[in-house]
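The following exercises call for careful reading of a structure and of its confidence values. Please work through each task before turning to its solution.

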Amino acid sequence: MTAQTQAQDPDTGLAVEITGLTKSFGSLQVLRGIDLAVRPGEVVCIIGPSGSGKSTLLRCVNLLEEPNGGTVRVHGTELTHPDVDIDAARRQIGMVFQSFNLFAHLNVLNNLTVAQRKVLRRGQAEAEQVARANLAKVGLAEKAGAMPAQLSGGQQQRVAIARALSMDPKVMLFDEPTSALDPELVGDVLGVMRQLADEGMTMLVVTHEMQFARDVADRVLFMDGGVVVEEGPAAQVIGDPQHERTKSFLSRVLYPTHQGPSD
Amino acid sequence: MALSKRKRSQVIRGVQYAVLVIVVVLLALVANWGQIRRAFFNLSAAGEQFPEIISTALVNTIIYTALGFAFGLVVGLVLALMRLSSVGPYRWIATVYIEFFRGVPALLVFIAFGYGVPLAFQARFDNYTTVMLSLGLVGSAYMAETIRAGIQAVPKGQLEAARSLGMSRGRTMVTIVIPQAFRIILPPLTNELILLTKDSSLIYLLGLARDEYELAKFGREGLNTTGSLTPILLAGLCYLIITIPLSLLSRRLERRTGGRKVSSPESTGLEVSA
Ligand SMILES: Nc1ncnc2c1ncn2[C@@H]1O[C@H](COP(=O)(O)OP(=O)(O)OP(=O)(O)O)[C@@H](O)[C@H]1O
Ligand SMILES: [Mg+2]
């Protein structure tokens with residue numbers, strides 16, 4: 001699979017192309033040379049133990065973290081190039097956070113319109129139309145006037161997804177979008193993400209939801225210690241892992257009750 | 001036999017009330033009630049103060065304070081942003097400014113302004129401008145620190161969400177961070193306003209004309225002309241007309257922001273992922 005993607009010309013077709021990505025915080029090297037190529041419409045799930053660098057990798061894709069080395073290209077634009085307009089580049093990359101991060105002082109509708117108006121320079125009417133369409137898509141059309149604090153976690157996360165979609169991104173990044181949710185609210189959010197995947201959105205998803213990864217991901221990456229240890233089709237990596245570290249991680253995640261009282 | 005816990009706390013409360021009553025009775029016995037009535041509750045002296053104490057003094061106090069507060073808020077915001085700047089000299093200048101004006105009595109600032117500026121610039125601002133500048137400079141040093149704390153209290157996730165939507169640093173500051181910061185600091189800013197209301201009493205040092213008097217100066221003039229302390233009492237009451245509603249407002253805002261933690265999901269989320 002890697003061989004096939006590497007054979008392609010870097011500027012033709014790939015949605016995300018990461019080569020030799022390294023990142024350190026002080027003396028702690030978190031990413032030790034990541035290579036990843038994502039085709040348009042592909043859904044890639046990233047799994048791995050806590051601290052393995054999953055969030056950091058995702059945050060390097062839209063340069064919320066500045067990589068120390070390597071390149072990141074999104075639809076042909078090299079984000080790591082010194083001359084690139086990073087604000088412009090980020091417009092085509094949606095990001096969904098574990099903690100939702102809805103703008104606390106704005107109601108739902110304004111959460112969805114503010115960047116459309118200030119960044120994309122859309123008019124109020126157009127922005128609102130786009131916002132309402134995306135709210136309807138995540139099943140929250142009736143919450144347009146609500147404040148974030150009045151919504152459940154699941155609703156907040158779906159609004160956050162709608163907010164990112166309102167910018168018409170070409171790629172969506174999800175960093176453990178359901179980890180902060182009560183179990184009964186997880187399904188709604190995953191449902192929206194499934195629908196998005198079915199519509200052909202390119203998605204990079206850090207998740208601990210193995211069932212979701214099995215069902216939706218075209219490819220699964222297992223990360224540990226800042227490197228991609230294993231990657232392949234979901235059924236293969238989750239169902240029949242080859243590496244010892246992958247096996248022990250999966251046994252912990254899939255059968256957590258075997259691990260005693262602490263998580 | 002030891003008293004039960006409940007019984008004992010009853011006894012302690014009884015003693016506290018007794019002490020209070022004794023102190024009040026003693027003060028009442030010692031005080032010269034005739035003198036107090038003559039000094040503070042002189043009706044004719046009180047009558048002379050009206051309507052100017054309201055129409056001139058109270059109004060001027062409000063105007064001076066509002067001018068100083070508005071100017072101080074703008075300068076304070078700029079200073080706060082300078083303090084948070086990545087450019088070293090901006091940070092140093094702001095720090096020096098803030099430490100200077102917080103460390104020096106407002107009285108000296110007013111004197112320096114009232115006499116120094118005309119000397120230094122060969123020009124005399126009108127009193128309203130001078131008041132706005134001097135009161136604003138004093139207030140801005142305090143407000144800058146409050147505003148900076150407010151900006152830093154906005155969860156980092158808000159900033160990251162804005163940047164990930166393609167907003168620039170400045171746009172994020174203006175559209176997302178500063179509005180939230182001001183919500184957070186509304187209670188302490190209201191307290192700043194109360195302090196500034198009282199500091200406005202120092203501007204008599206600028207040498208005001210009669211129609212420019214604020215409450216404290218007006219009260220002292222009343223004291224001089226009537227020989228009664230009644231005008232002072234009235235001026236004090238007028239301050240309370242301004243400050244007590246502000247104080248109530250501040251407390252209500254504090255309850256509101258404290259009660260419904262607007263930003264709790266973000267802040268806990270950050271702790272988890274950071
Ligand atoms: N801003 C930062 N400053 C310093 N160290 C950081 C920073 N962000 C992450 N790290 C460290 O980098 C390492 C990888 O962090 P990262 O958040 O990418 O892990 P993760 O795989 O997402 O873990 P989790 O599953 O717990 O979210 C951790 O050891 C973390 O402490
Ligand atoms: Mg993470």
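Four exercises with worked solutions follow.

The model is predicted: local features need pLDDT of at least 70, side-chain atom pairs count only at pLDDT 80 or more, and totals for chains, interfaces and linings use all residues. Residues are numbered from 1 along each chain as its sequence is written, chains are lettered from A and ligands numbered from 1 in the order in which they are written, and side-chain values use heavy atoms, with hydrogens and water left out.

**Exercise 1. Confidence**

Task: Determine the mean pLDDT of chain A and of chain B, and locate the stretches where the pLDDT is below 50 in chain A and in chain B.

Solution.
1. pLDDT is the predictor's confidence in each residue, from 0 to 100.
2. Chain A has a mean pLDDT of 91, with 93% of its residues at 70 or more. Its residues 1-10 have a pLDDT below 50, and this stretch makes 9 contacts beyond near neighbours in sequence (contact means heavy atoms within 4.5 Å).
3. For chain B the mean is 87, and 93% of its residues reach 70 or more. The pLDDT is below 50 over residues 259-274 of chain B, a stretch with 20 contacts beyond near neighbours in sequence.
4. Among the elements of chain B, helix α12 (residues 264-273) has the lowest mean pLDDT, 34, and helix α8 (residues 156-164) the highest, 96. Helices (H or I, at least four residues) and strands (E, at least two) are DSSP runs, numbered from the N terminus.
5. Where pLDDT is low, the predicted coordinates should not be read in detail.
6. For the complex, the predictor gives an ipTM of 0.90 and a pTM of 0.84.

**Exercise 2. The ligand site**

Task: Describe the surroundings of ligand 1 and identify its polar contacts with A:S50, A:G51 and A:S55.

Solution.
1. The shell (residues with a heavy atom within 4 Å) includes A:F25, A:L28, A:K54 and A:E176.
2. By class, the shell has 4 nonpolar, 6 polar and 2 charged residues. Ala, Val, Leu, Ile, Met, Phe, Trp, Tyr, Cys and Pro count as nonpolar, Asp, Glu, Lys and Arg as charged, and the others, Gly among them, as polar.
3. Polar contacts are pairs of N or O atoms within 3.5 Å. Oxygen atoms of ligand 1 lie 2.5 Å from a side-chain N or O atom of A:S50, 2.8 Å from a backbone N or O atom of A:G51, and 2.6 Å from a polar side-chain atom of A:S55.
4. Taken alone, ligand 1 exposes 630 Å², of which the protein buries 68% (Shrake-Rupley method, 1.4 Å probe).
5. The elements giving two or more residues to the shell are β2 (28-38) and α2 (54-61) of chain A; α2(A) gives the most, with 3 residues.

**Exercise 3. Annotated spans**

Task: Relate the UniProt features of chain A and chain B to secondary structure.

Solution.
1. UniProt's unreviewed entry places "domain: ABC transporter" at residues 16-250 of chain A; this span is 37% helix and 26% strand.
2. For chain B, an unreviewed UniProt entry lists "domain: ABC transmembrane type-1" at residues 58-250, a span with 82% helix and 0% strand.
3. UniProt also lists "transmembrane region" in chain B, including residues 12-33 and 232-250. Residues 12-33 of chain B are 91% helix, with end C-alpha atoms 33 Å apart; residues 232-250 of chain B are 100% helix, with end C-alpha atoms 26 Å apart.
4. Such annotations may be inferred rather than shown by experiment.

**Exercise 4. Backbone geometry**

Task: Place B:P51 and A:F100 in the fold and state their backbone features.

Solution.
1. B:P51 lies in the loop between α3 (43-49) and α4 (52-83) of chain B, and the peptide bond from B:F50 to B:P51 is cis, with omega near 0°.
2. A:F100 sits in the loop between β6 (93-96) and α4 (108-118) of chain A. Phi of A:F100 is near 65°, a positive value in a residue other than glycine.

Methods:
A polar contact is a pair of N or O atoms within 3.5 Å; within protein, one must be able to donate a hydrogen and the other to accept it, and residues adjacent in sequence count only if both atoms are side-chain atoms.
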